[in-house]
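Me: I have a model open and many labels to make sense of. Take me through them with the reasons.

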Amino acid sequence: MDGVLITAAVVLAVIALIEIVTLFFRLPYKGSDPPYITLLPVFKEDKDFSLRLDRLAARSCGRSDVYIVIFSADSEQLELINAYSRDNPDSVIIFHEELEKILSKTFAIER
């Protein structure tokens with residue numbers, strides 16, 4: 001019984017090591033698409049937009065593309081978006097009509 005437990009522990013450790021290598025150490029390099037994107041919808045009724053944008057700025061660290069999709073926005077939200085995009089060159093500001101085209105290009109979906 002001890003041999004079975006040791007074998008299972010070794011197999012589980014190998015699987016965990018493979019997960020760590022593939023998920024956490026795959027850094028994007030120039031000339032390739034990022035491994036993931038962040039999509040931030042903007043609605044005029046969103047009272048917590050500035051808080052969500054601050055959290056996104058603290059979390060993204062330039063490792064992913066940030067698509068800010070404008071469904072409806074007021075002037076204050078547009079100012080926040082412009083300030084965010086000046087500080088984060090990976091951000092892309094699009095309108096909701098362009099969303100499907102951008103996502104199909106990013107994930108190589110043929111239509």
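Me: Which residues is Ile-94 in contact with, leaving aside its neighbours within four places in sequence?
Reply: This is a predicted model. In it, Ile-94 is in contact with Tyr-67, Ile-68, Val-69, Ile-70, Leu-99 and Ile-102. A contact needs heavy atoms within 4.5 Å. Ile-94 itself has its place in strand β3.

Me: Why is Ile-94 called buried?
Reply: Its relative accessible area is 3%. Buried means under 20%. The value for Ile-94 falls under that cut-off, so Ile-94 is buried.

Me: What makes Arg-52 and Asp-74 partly exposed?
Reply: Arg-52 has a relative accessible area of 30%. For Asp-74 the value is 28%. Partly exposed lies between the buried limit of 20% and the exposed limit of 50%. Both residues are therefore partly exposed. Asp-74 sits in the loop between β2 and α3.

Me: How far is Asp-74 from Phe-43, in sequence and in space?
Reply: They are 31 residues apart in sequence. In space, C-alpha to C-alpha, they are 8.3 Å apart. Ile-94 and Pro-41 make another such pair: 53 residues apart in sequence, 9.8 Å apart in space, again C-alpha to C-alpha.

Me: What makes the link between Arg-52 and Asp-46 a salt bridge?
Reply: Their side chains meet at 2.4 Å, N to O. The rule asks for a side-chain nitrogen of Lys or Arg within 4 Å of a carboxyl oxygen of Asp or Glu. Arg-52 and Asp-46 fit it, so the pair is called a salt bridge. The count by this rule comes to one salt bridge.

Me: How do you know that β2 pairs with β1 and with β3?
Reply: Count the bridges. β1 and β2 share six bridges. β2 and β3 share five bridges. Pairing needs at least two bridges, so each of these counts passes. β2 runs parallel to β3, and β1 pairs with β2 in the parallel sense.

Me: Which residues stand opposite Val-66?
Reply: Val-66 in β2 stands opposite Thr-38. Val-66 also stands opposite Ser-91 in β3. Elsewhere in β2–β3, Ile-70 has Phe-95 as its bridge partner.

Me: Which way do the residues of β2 point?
Reply: Asp-65, Tyr-67 and Val-69 point one way. Val-66, Ile-68 and Ile-70 point the other way. In a regular strand the side chains alternate between the two faces of the sheet. Six of the six residues in β2 are buried.

Me: Which elements make a β-α-β unit, and of which hand?
Reply: The unit is made of β2, helix α3 (residues 75-87) and β3. It is right-handed. Along the sequence the whole protein reads α-β-α-β-α-β-α. That pattern has four helices and three strands.

Me: Which residues form the largest nonpolar core?
Reply: Leu-40, Val-42, Phe-49, Leu-53, Leu-56, Val-66, Ile-68, Ile-70, Ile-81 and Tyr-84, 10 residues in total. β1, α2, β2 and α3 each supply at least two of them. Apart from it lies another core of five residues, among them Ile-37, Val-69, Ile-94 and Leu-99. In soluble globular proteins, nonpolar side chains tend to be buried together.

Me: What does Ile-70 touch, not counting residues up to four places away in sequence?
Reply: Ile-70 touches Val-42, Leu-78, Ile-81, Ile-93, Ile-94, Phe-95 and His-96.

Me: How do you know that the buried residues of α4 line one face?
Reply: Those residues are Leu-99, Ser-104 and Thr-106. Seen down the axis of α4, they fall within an arc of 160°, so they line one face of the helix. They pack against β1, β2 and β3. The face turned away carries the exposed residues Lys-101 and Lys-105.

Me: What follows α4?
Reply: Just after α4 comes Ala-108, with a positive phi of about 55°.

Me: How much of the protein is buried?
Reply: Buried residues make up 22% of the 111 residues.

Terms used. Residues are numbered from 1 along each chain as its sequence is written. This is a predicted model: local features need pLDDT of at least 70, side-chain atom pairs count only at pLDDT 80 or more; totals for chains, interfaces and linings use all residues. Side-chain values use heavy atoms; hydrogens and water are left out. A crossover is right-handed if, with the strands pointing away from the viewer, the path from the first strand over the helix to the second runs clockwise. Buried means under 20% relative accessible area, exposed over 50%, partly exposed in between (1.4 Å probe, protein chains only). The arc is that of the directions from the helix axis to the C-beta atoms. A nonpolar core is a set of buried Ala, Val, Leu, Ile, Met, Phe, Trp, Tyr and Cys residues joined through side-chain atoms within 4.5 Å.
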